[in-house]
Amino acid sequence: MNQLYLRKEGTSRRLSSWDQTGGNRDFIVIGAGQTAAIAEIAGSGVIQHIWMTIAAKNKYAFRKVLIRMFWDDEQEPSVDSPVGDFFGVGHGVASHYVSAPLNMITTQGVIEDKAAMNCFFEMPFRKRARIEIVNECEDEMILYFYVDYVEKEVPDDSFYFHASWRRENPTQGLVDLAALKAEHDQQDKANYADQKVYELKNLTGDDNYVLLDAVGEGHYVGCNLSIDHLNPMPGFSWPGEGDDMFFIDGEPWPPRLHGTGTEDYFCAAWGYPAGKYYAPYHGLSLYAPIRENGDAWKESNTISFNDYSGKMTQYRFHIVDPIIFRKSLRFSIEHGHGNAQSNDYASVAYWYQREPHKAFPQMLPVAQRLPIPEKESARLFYRTF
């Protein structure tokens, strides 16, 4: 519990959207296309908690609205992400879950367009801190927020907090699974497609989906990975089997940390047999398989091994086991065994490092951030399933 009984140094402060007239309009309005700085802090200190909730007319506001953070004198952000993904749920929606560093609080078992969102990652700064909310919705939005921090001296060996969103839609699968399905349907053997896919060998990691490509000294503390399963193996709906790989400090193949499958990295096994679940350091913050022929997008807490269609977000936090790097870190994961599958992958990686940091990928425009419509997702899924 971080030795709560010990004397704490510093002065506690808060920035919030409270109505300074004494009324109850405890929010700010951000116009369409506008940016609001919700925190501009001078001096040194540590942000310890961020809470916010948004109200917007536009569907998928959680992908359209961005959160950005800047430390000290930097001109490019150290945090750059759609707000929903930053707080742990992808695909432009809200979903109830609770982990140790992040959560969304909303109606359980329902895909929502509103939620309380909390972040407990500590974020040190030495000269100043700035947090921006960028409204890229078509209409104005309402934002309620707290930013809780402590004014204090920051030790010289402290690293800065970073978070970066990426998306690859679709990943570049190495197998034509539509053609394989036609062959599979003509075979007597039920495992024909499995054999063809599992013949692939990946001994470079070059074609993996990249979650983080950092340069400098620091440590990686976790991620979330959102998948829309568009390209299953014939007769087998599981999108996993992709190994995780951590290439540390420029070392050659094999990577120092090499995993055994997607769900294994996210601390599960044999798929996700419990469906949606959330633990302090790992879980599924969103599990929304295709229902009613793609007409409805609903969450589910039950699952069969042939029911990994649709959209999910999985998370893994390295709070007690951060992955240390001295020069660089490239973290990637296969999209299906041997990178066979072409699915919609999006992610946020969280890490601490010394500045300066390597430039992030350019933020995609809104149209390229939006989730795939449910019916189109279903059509693509059943094309190869």
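**Figure 1. Gly-45 lies in strand E4, which spans residues 45-56.** The model is predicted. Gly-45 has a relative accessible area of 0%. With buried set at under 20%, Gly-45 therefore counts as buried. Trp-253 marks a second point in this view, 208 residues from Gly-45 along the chain. The two C-alpha atoms are separated by 40 Å.

**Figure 2. The largest pocket has a volume of about 850 Å³.** Its lining is made up of 19 residues. Asn-2, Val-46, Gln-48, Glu-122 and Lys-152 lie nearest the centre of the pocket. Sorted by class, the lining of the largest pocket has ten nonpolar residues, five charged and four polar.

**Figure 3. The second largest cavity has a volume of about 40 Å³.** Three cavities of 30 Å³ or more turn up in a search of the whole structure. Lining the second largest are Ser-164, Arg-166, Leu-212, Asp-213, Trp-351, Lys-358, Ala-359, Phe-360 and Pro-361. Strand E13 (160-168) supplies at least two residues of this lining, and so does strand E14 (209-215). Five of the lining residues are nonpolar, three are charged and one is polar.

**Figure 4. Ring pairs link Phe and Tyr residues into an aromatic cluster.** The members are Phe-86, Phe-87, Tyr-97, Phe-121, Phe-161, Tyr-315, Phe-317, Tyr-350 and Tyr-352. The structure as a whole holds 25 aromatic pairs.

**Figure 5. The charged end of Arg-316 sits over the ring of Tyr-265.** The distance from the charged end of Arg-316 to the centre of the Tyr-265 ring is 6.0 Å.

**Figure 6. Helix H7 covers residues 374-384 and has a buried face.** Its buried residues are Glu-374, Ser-377, Ala-378, Leu-380, Phe-381 and Thr-384. Viewed down the axis of H7, they fall within an arc of 165°, so they line one face of the helix. An α-helix has 3.6 residues a turn, so residues three or four places apart point the same way.

**Figure 7. Pro-373 lies in the loop between helix H6 (366-369) and H7.** Its relative accessibility is 49%. Exposed means over 50%, so Pro-373 counts as partly exposed. Val-29 is 344 residues away along the chain. The C-alpha atoms of Pro-373 and Val-29 are separated by 29 Å.

**Figure 8. Cis peptide bonds precede Pro-170 and Pro-356.** The bond joining Asn-169 and Pro-170 has an omega of about 0°. Pro-170 is placed in the loop between E13 and helix H3 (177-186). The bond joining Glu-355 and Pro-356 has an omega of about 5°. Pro-356 is found in the loop between strand E25 (344-353) and H6.

**Figure 9. Asp-249 has a positive phi although it is not a glycine.** The phi value is about 60°. Asp-249 is in the loop between strand E16 (244-248) and strand E17 (257-258). At 21% relative accessibility, Asp-249 is partly exposed; buried would require under 20%.

**Figure 10. Cys-267 is a residue other than glycine with a positive phi.** Its phi is near 70°. Cys-267 is in the loop between helix H5 (262-265) and strand E18 (277-278). A relative accessible area of 36% makes Cys-267 partly exposed.

Technical notes: Residues are numbered from 1 along each chain as its sequence is written. This is a predicted model: local features need pLDDT of at least 70, side-chain atom pairs count only at pLDDT 80 or more; totals for chains, interfaces and linings use all residues. Side-chain values use heavy atoms; hydrogens and water are left out. Rings of Phe, Tyr and Trp (its six-membered ring) pair if their centres lie within 6.5 Å; planes under 30 degrees apart count as stacked, over 60 as edge-to-face and the rest as tilted. A charge sits over a ring if NZ of Lys or CZ of Arg is within 6 Å of the ring centre and within 35 degrees of the ring normal. On a 1 Å grid over the protein atoms alone, a cavity is a set of points where a 1.4 Å probe fits but cannot get out, and a pocket is an open set with protein on both sides within 12 Å along at least five of seven lines; lining residues have an atom within 4 Å of a point. Grid points are joined across faces, edges and corners, and a volume is the space filled by probe spheres set on the points. Ala, Val, Leu, Ile, Met, Phe, Trp, Tyr, Cys and Pro count as nonpolar, Asp, Glu, Lys and Arg as charged, and the others, Gly among them, as polar. Buried means under 20% relative accessible area, exposed over 50%, partly exposed in between (1.4 Å probe, protein chains only). Helices (H or I, at least four residues) and strands (E, at least two) are DSSP runs, numbered from the N terminus. The arc is that of the directions from the helix axis to the C-beta atoms.
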